[in-house]
Amino acid sequence: MVLLSADIGVDLGTASIKVLVRGKGIVLREPSVVAIQTDSGKVVAIGEAARQMLGRTPGGIAAVRPMREGVIDDFDLALHMLKHYIHRVGGRGMLVRPRVVICVPSGVTSVERRAVVEAVTQAGARHTYLIEEPLAAALGAGIDIWPPSGSMVIDIGGGTTDVAVLSLGGIVASASIRVGGDRCDEALIRHIRREHNLLIGERTAEELKMGVATAYPGGRDLKTEVRGRDLVAGLPRTVVMTSEECRLALEEPLQAIAVAVRGVMEATPPELAADIVDKGVILTGGGSLLHGMDRFTSDATGVPVLVAEDPISCVVLGTGKALESMELLRVLAGSGRAQDAG
Ligand SMILES: Nc1ncnc2c1ncn2[C@@H]1O[C@H](COP(=O)(O)OP(=O)(O)OP(=O)(O)O)[C@@H](O)[C@H]1O
Ligand SMILES: [Mg+2]
């Protein structure tokens, strides 16, 4: 009898965790949220059930996001979440512990890397391989990263935006900024508080961003009523928000992304820059679904921009590509960095 262990790819994102099993494809995508009892620390809900509680918890329960800005913020809760999902996809028995490929943003510190490896190991992995997110995102977007030709990917997640130029299977120039979809939500909350004296919740802000906002002037012409609590009277009130007002509110995080992209362009050797102009820039990550993000980025760089198919899944699909070949995995994880937990 041959005992095959599951090979698992994980994208432990700030907004959501995505898990893939080799041979099966993506098996789950759940919000990175854990609800706990505040006195005992006992976990009461994980994933979508916990997300429903964000901003709606009674006293005694808190809905917490264990990841912040692309890295582990609350180690114990991140570990709890990883264990929960790895066990779920590994099956109850898990006779042989799985090999796990997991991504980290390109800008993380060695301490932050170690925290990820430690959490995955404690969650039951036999071997843990860390791959830099831009490489996984590019692979998952279907970019051929091996030829001596430059490609640029911009992964706009919930917590971070990773910008990278790739050639010959490696990162030639990159930047990672701790600005992504969350900062956009916060910018909307701040704007509505300042301009309309209205306090709105995180989830309301995210819905406004997805449903009405745009990154591109004149790109969208919608409006909606947003509900919140009046800061003066303390009572519920609504305000009408238009696409254009949202765009103005989003200017700061969007400009931060544009500046990061231009910085990487400037650090790119001219031959590779010419390749990028030919091929265009690929956007991945949920943030690339913001309306008008492609045109905004194209204007900021002067280069054609394409949004990947299923951008939210690119990174985890990339871990799946890496799992298909041990050789590929070694190269991507970098022999010095591949972490052997067994
Ligand atoms: N249609 C949409 N319009 C605008 N933003 C969207 C849309 N769909 C998803 N998002 C945003 O995408 C972000 C989540 O994307 P993604 O799942 O790629 O992030 P993540 O991988 O969890 O985070 P990170 O890579 O930063 O750790 C959230 O901020 C979410 O609000
Ligand atoms: Mg991500």
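The exercises below, each with a worked solution, concern a predicted model.

**Exercise 1. The contact of α4 with α11**

Find the angle at which helix α4 and helix α11 pack, classify it, and list the residues that make the contact.

Step 1. Helix α4 covers residues 133-140 and helix α11 covers residues 314-323. Their axes are 6 Å apart, and the packing angle is about 85 degrees.

Step 2. Angles of 65 to 115 degrees count as roughly perpendicular. The two helices, α4 and α11, are therefore roughly perpendicular.

Step 3. On the α4 side, the contact is made by Glu-133, Leu-135, Ala-136, Ala-137, Ala-138, Leu-139 and Gly-140. On the α11 side, the residues are Cys-314, Val-315, Val-316, Leu-317, Gly-318, Thr-319, Lys-321 and Ala-322.

Step 4. Sorted by class, the contact of α4 with α11 has 10 nonpolar, three polar and two charged residues.

**Exercise 2. The surroundings of α4**

Decide how far α4 is enclosed by the rest of the structure.

Step 1. A residue is buried if 20 or more other C-beta atoms lie within 10 Å of its own.

Step 2. The residues of α4 that are buried are Glu-133, Pro-134, Leu-135, Ala-136, Ala-137, Ala-138, Leu-139 and Gly-140.

Step 3. That is eight of the eight residues of α4, so the helix is largely enclosed by the rest of the structure.

Step 4. One of these residues, Ala-138, is also among those with the most contacts inside the largest nonpolar core, which has 98 residues.

Step 5. Just after α4 comes Gly-142, with a positive phi of about 85 degrees.

**Exercise 3. Lys-321**

Is Lys-321 buried or exposed, and which residues is it in contact with, its neighbours within four places in sequence left aside?

Step 1. Lys-321 is placed in helix α11.

Step 2. Lys-321 counts as buried because it has 21 C-beta neighbours inside 10 Å.

Step 3. With neighbours within four places in sequence left aside, Lys-321 is in contact with Leu-139 and Gly-140. Both of these residues belong to the α4 side of the contact with α11.

Step 4. For a distance along the chain, take Val-307: it is 14 residues from Lys-321, and the two C-alpha atoms are separated by 20 Å.

**Exercise 4. The contact of α5 with α6, and ligand 1**

Describe how α5 and α6 cross and what they supply to the shell around ligand 1.

Step 1. The axes of α5 and α6 come within 9 Å and cross at roughly 105 degrees. This angle makes α5 roughly perpendicular to α6.

Step 2. Helix α5 brings Cys-184, Asp-185, Leu-188 and Ile-189 to the contact, and α6 brings Glu-202, Ala-205, Glu-206, Leu-208 and Lys-209. By class, these are five nonpolar, no polar and four charged residues.

Step 3. Leu-188 is in contact with Ala-205, Leu-208, Lys-209, Cys-246 and Ala-249, leaving aside neighbours within four places in sequence. Leu-188 is also listed with the residues that have the most contacts inside the largest nonpolar core.

Step 4. Helices α5 (181-196) and α6 (202-211) each supply at least two residues of the shell around ligand 1. Helix α6 gives the most, with three residues.

Step 5. There are 22 residues around ligand 1, and Gly-13, Ala-15, Gly-157, Gly-181 and Gly-286 come nearest. The shell divides into five nonpolar, 13 polar and four charged residues.

**Exercise 5. Two positive phi values**

Compare the places and burial of Glu-69 and Asn-197.

Step 1. Most residues other than glycine have a negative phi. Glu-69 has a positive phi of about 50 degrees, and phi of Asn-197 is near 55 degrees.

Step 2. Glu-69 is in the loop between β7 (67-68) and β8 (71-72). Asn-197 is in the loop between α5 and β14 (198-199).

Step 3. Glu-69 counts as buried, with 21 C-beta neighbours inside 10 Å. Asn-197 has 15 such neighbours and therefore counts as partly exposed.

**Exercise 6. Leu-222**

Where is Leu-222, and which residues is it in contact with, its neighbours within four places in sequence left aside?

Step 1. Leu-222 lies in the loop between α6 and β15 (223-230).

Step 2. Leu-222 is partly exposed, because 14 other C-beta atoms are within 10 Å.

Step 3. Outside its neighbours within four places in sequence, Leu-222 is in contact with Val-212 and Ser-243.

Step 4. Glu-244 is 22 residues from Leu-222 in sequence and 8.4 Å from it in space, C-alpha to C-alpha.

Methods. Residues are numbered from 1 along each chain as its sequence is written. Chains are lettered from A and ligands numbered from 1 in the order in which they are written. This is a predicted model: local features need pLDDT of at least 70, side-chain atom pairs count only at pLDDT 80 or more; totals for chains, interfaces and linings use all residues. A nonpolar core is a set of buried Ala, Val, Leu, Ile, Met, Phe, Trp, Tyr and Cys residues joined through C-beta atoms within 7 Å. A residue is buried if 20 or more other C-beta atoms lie within 10 Å of its own, exposed if 12 or fewer, and partly exposed in between; C-beta atoms are placed from the backbone. Two residues are in contact if their C-beta atoms, placed from the backbone, lie within 7 Å. A residue is near a molecule or strand if its C-beta atom, placed from the backbone, lies within 6 Å of it. Ala, Val, Leu, Ile, Met, Phe, Trp, Tyr, Cys and Pro count as nonpolar, Asp, Glu, Lys and Arg as charged, and the others, Gly among them, as polar. Axes are lines fitted to C-alpha atoms, for helices over the stretch in contact, and angles run from 0 to 180 degrees between N-to-C directions. Angles under 35 degrees count as roughly parallel, over 145 as roughly antiparallel, 65 to 115 as roughly perpendicular and the rest as oblique.
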